[in-house]
Amino acid sequence: MKNLLRNRYFLFAVKLTIVLLSFYFIYGELKNNNQLDWPKFYLLLSEKWSVLGMFFLLSFSFANRFLEILKWQNLVLFIKPISVGESTKQVLGALTASIFTPNGLGEYAGKALFFDKKKTKKIIFLNLICNGIQMILTVLFGTIGLWILGFKFWVLAIVGICFLLFGISFLSKSIKIKGYSIEKLLAKLNEIPKTIHRKNIFLAIGRYLVFSHQYYFLFLAFGVDLPYLTLMASIAAVYFLASCLPSFQFLDFAIKGSVALFFFEKLGVNEWIVVFISTLMWFLNVVLPVVIGSYFVLKFKPKWN
């Protein structure tokens, strides 16, 4: 009985630590980021604020996370069917746990904890597929964006690197590293039904279009008057280059803001507008889901035995 109580107290302490650390990192980044001029931020926000506009932007944030929840529900079907509610709990809980880990690595462990220990490898693999398709789309659209913006040398370099990596992968597909090989990885991918793969790709494209257009409409709301193709190409380039840099979720807006400044300053966009929009995107798509995810972390009961 004492051991059971001790374990429960320990688990509660771990969950509370995760939640408190999440909020601590968010607060620290907002308070100490030198790029943000809070009085100016509040002034700009009050000028552009409207209930309808905020509802419109929140609908994009909801759609963004909901598509991610559907993606995860679809992929987990390979192991067992789960409800949208259960998928929501796993996605948002894992997001909260990953906010202070590099490149969101905590998300992999976070989702695995919702399943039996013997399924850990499969869950990590499915999460790799979930994030991998989003990364492929980011690279694809980002490369197109760079080409449209005139960074043709960068595009040729990216394509060259991709072909080089593809060639190396093809030639070494049978070489095993710690029991794993590209050949084995492809075999594992083929075990998953094509219907699941197709739905995963469809949902990933939908999610990309949602968050990139949320970015686009924020620029319009702040009076940025640029052609649609130029603006979307710049957004695609920002997401691509920012995703290539190692970072933490709580630093996401600082990384994307810095990359965005590089592109949008060349287009004559005020640097404060770029910083504020990057901050709002981070708040709407990371901070709000983490706040909701904190509830699921505190309610979490591990499946591991």
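A residue counts as buried when its relative accessible area is under 20%, as exposed when that area is over 50%, and as partly exposed in between. The exercises below apply this to a predicted model.

**Exercise 1. Describe the overall build of the chain, and state what share of its residues is buried.**

Solution. Begin with the secondary structure: the chain has 12 helices and zero strands, and the pattern read along the sequence is therefore α-α-α-α-α-α-α-α-α-α-α-α. Then turn to accessibility, where 44% of the 305 residues count as buried.

**Exercise 2. Decide whether Lys-89 is buried, partly exposed or exposed, and describe its salt bridge.**

Solution. The relative accessibility of Lys-89 is 30%, so this residue counts as partly exposed. Next, look for a partner of opposite charge: Lys-89 forms a salt bridge with Glu-86, and the closest N and O atoms are 3.2 Å apart. Finally, place the pair in the chain: Lys-89 and Glu-86 are three residues apart in helix H4 (residues 84-98), so about one helical turn separates them.

**Exercise 3. Explain why the salt bridge between Glu-68 and Arg-207 ties together parts that are far from each other in sequence numbering.**

Solution. The side chains of Glu-68 and Arg-207 meet in a salt bridge, with an N to O distance of 3.1 Å. Because Glu-68 lies in helix H3 (residues 51-76) and Arg-207 in helix H9 (residues 194-221), the pair joins parts that are 139 residues apart in sequence. As for accessibility, Glu-68 has a relative accessible area of 4% and is buried, and Arg-207, at 12%, also counts as buried. The last step is to look for further partners, and here Glu-68, Lys-71 and Arg-207 prove to be linked in a network of salt bridges.

**Exercise 4. Find where Glu-107 and Lys-111 lie, and say whether they are buried or exposed.**

Solution. Both residues belong to helix H5 (residues 106-112), where Glu-107 and Lys-111 are four residues apart, about one turn of the helix. Their side chains meet in a salt bridge of 3.0 Å, N to O, and both Glu-107 and Lys-111 are buried.

**Exercise 5. Examine helix H6 through Lys-122 and Ile-136.**

Solution. Lys-122 has its place in helix H6, and together with Lys-121, Lys-184 and Lys-188 this residue forms a positive surface patch. Helix H6 (120-148) and helix H8 (182-191) are the elements that give two or more residues to the patch. Ile-136 also has its place in helix H6, and with a relative accessible area of 56% Ile-136 is exposed.

Key:
Residues are numbered from 1 along each chain as its sequence is written. This is a predicted model: local features need pLDDT of at least 70, side-chain atom pairs count only at pLDDT 80 or more; totals for chains, interfaces and linings use all residues. Side-chain values use heavy atoms; hydrogens and water are left out. Patches are made of residues with over 30% relative accessible area and no salt bridge: like charges are joined within 9 Å, nonpolar side chains (Val, Leu, Ile, Met, Phe, Trp, Tyr) within 5 Å. Accessible areas come from the Shrake-Rupley method with a 1.4 Å probe; for residues, only the protein chains shown count as cover. A salt bridge is a side-chain nitrogen of Lys or Arg within 4 Å of a carboxyl oxygen of Asp or Glu. Lys and Arg count as positive and Asp and Glu as negative; His and the chain ends are not counted. The place of a charge is taken as NZ of Lys, CZ of Arg, CG of Asp or CD of Glu. Buried means under 20% relative accessible area, exposed over 50%, partly exposed in between (1.4 Å probe, protein chains only).
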